[in-house]
Amino acid sequence: MANWVPYLLCAVAVAGLLWAEYRGSRRGLWLTKPLASLAFIGAGIAAGALDSTYGQLVLAGLLLCLLGDVLLIPLERPAVFRAGVFAFLAGHVAYSAAFLTRPLDGFGLVAGAIVLAVLVLGVLRWLAASLPADMVWPVRVYMVVIGVMSALACGVTAAGGPWAVAVGALAFTASDVSVARDRFVRHEFLNRAWGLPLYYGAQLLLATTPALV
């Protein structure tokens with residue numbers, strides 16, 4: 001029963017986060033977003049993340065994403081936003097390192113890489129006219145890294161690993177599109193309405209995988 005507590009806490013916190021976003025409550029945002037992110041840390045620990053190299057790397061990714069979540073809260077500070085992007089970038093690297101500790105299926109890896117390359121190039125082309133000059137290369141590098149992470153996740157699942165690895169990684173990738181649209185294309189609640197539940201669902205899925213591999 002205790003293992004479900006982080007998932008329930010995350011769901012409640014995300015509901016509160018969406019309400020805070022809708023109402024434009026900065027206080028509500030600072031209260032609910034870190035709480036939701038701490039919940040997926042708890043889920044990872046409950047799944048045995050401390051007991052294996054794979055789990056420790058996943059936990060490192062979760063912690064870096066928690067840091068990124070906090071750093072993305074201040075909308076009016078571009079330097080803090082860039083630090084948040086770097087934290088998420090490091091989180092994707094940690095996840096990639098975790099996936100590399102597992103068996104990889106060559107066909108699944110190549111197929112995933114092809115699909116992700118098409119998607120990444122499409123997103124970069126879509127964002128090209130909206131990116132500030134100082135964010136062009138950081139976003140390009142970020143998208144390449146998340147594409148590699150998701151391709152590795154596909155390779156792990158195709159090799160017999162848990163479906164939560166690929167689904168979690170791909171959902172994480174999709175949720176990043178909502179962040180990019182909100183930050184660079186059009187700032188509106190609709191982006192957070194679908195992106196935040198998808199993001200937290202992705203992190204919870206990845207947090208469960210130490211118990212499944």
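These legends accompany close-up views of a predicted model.

**View 1. Confidence along the chain.** Let's start with how far the model can be trusted. The protein chain has an average pLDDT of 93, and 99% of the residues score at least 70. Helix α3 (residues 53-71) has the highest mean, 97, while α4 has the lowest, 92.

**View 2. The largest pocket and its lining.** This pocket has a volume of about 650 Å³. Its lining is made up of 33 residues, with K33, L72, F81, V179 and D182 lying nearest the centre. Helices α1, α2, α4, α6, α7 and α8 each contribute at least two lining residues, and the largest share, 8 residues, belongs to α7. For anyone thinking about chemistry, the lining divides into 18 nonpolar, 7 polar and 8 charged residues.

**View 3. An edge-to-face pair between two helices.** The model holds 12 aromatic pairs. One of them joins F88 and F172, edge-to-face, at 6.4 Å centre to centre with 70 degrees between the planes. F88 belongs to helix α4 and F172 to helix α7, so this contact links parts of the chain 84 residues apart. Both rings belong to buried residues: F88 has a relative accessible area of 6%, and F172 has 0%.

**View 4. A stacked pair within α4.** The ring centres of Y95 and F99 lie 6.5 Å apart, and their planes meet at 10 degrees, so the pair counts as stacked. These residues are 4 apart in helix α4, which means about one helical turn separates them. Y95 is buried at 0% relative accessibility, and F99 is buried at 0% too.

**View 5. The aromatic cluster.** Ring pairs join F40, F88, Y95, F99, F172, Y199 and Y200 into a cluster.

**View 6. A charge over a ring.** Here the charged end of R140 sits over the ring of W137, 4.8 Å from the ring centre.

Technical notes. Residues are numbered from 1 along each chain as its sequence is written. This is a predicted model: local features need pLDDT of at least 70, side-chain atom pairs count only at pLDDT 80 or more; totals for chains, interfaces and linings use all residues. Side-chain values use heavy atoms; hydrogens and water are left out. On a 1 Å grid over the protein atoms alone, a cavity is a set of points where a 1.4 Å probe fits but cannot get out, and a pocket is an open set with protein on both sides within 12 Å along at least five of seven lines; lining residues have an atom within 4 Å of a point. Grid points are joined across faces, edges and corners, and a volume is the space filled by probe spheres set on the points. Ala, Val, Leu, Ile, Met, Phe, Trp, Tyr, Cys and Pro count as nonpolar, Asp, Glu, Lys and Arg as charged, and the others, Gly among them, as polar. pLDDT is the predictor's confidence in each residue, from 0 to 100. Rings of Phe, Tyr and Trp (its six-membered ring) pair if their centres lie within 6.5 Å; planes under 30 degrees apart count as stacked, over 60 as edge-to-face and the rest as tilted. Buried means under 20% relative accessible area, exposed over 50%, partly exposed in between (1.4 Å probe, protein chains only). A charge sits over a ring if NZ of Lys or CZ of Arg is within 6 Å of the ring centre and within 35 degrees of the ring normal.
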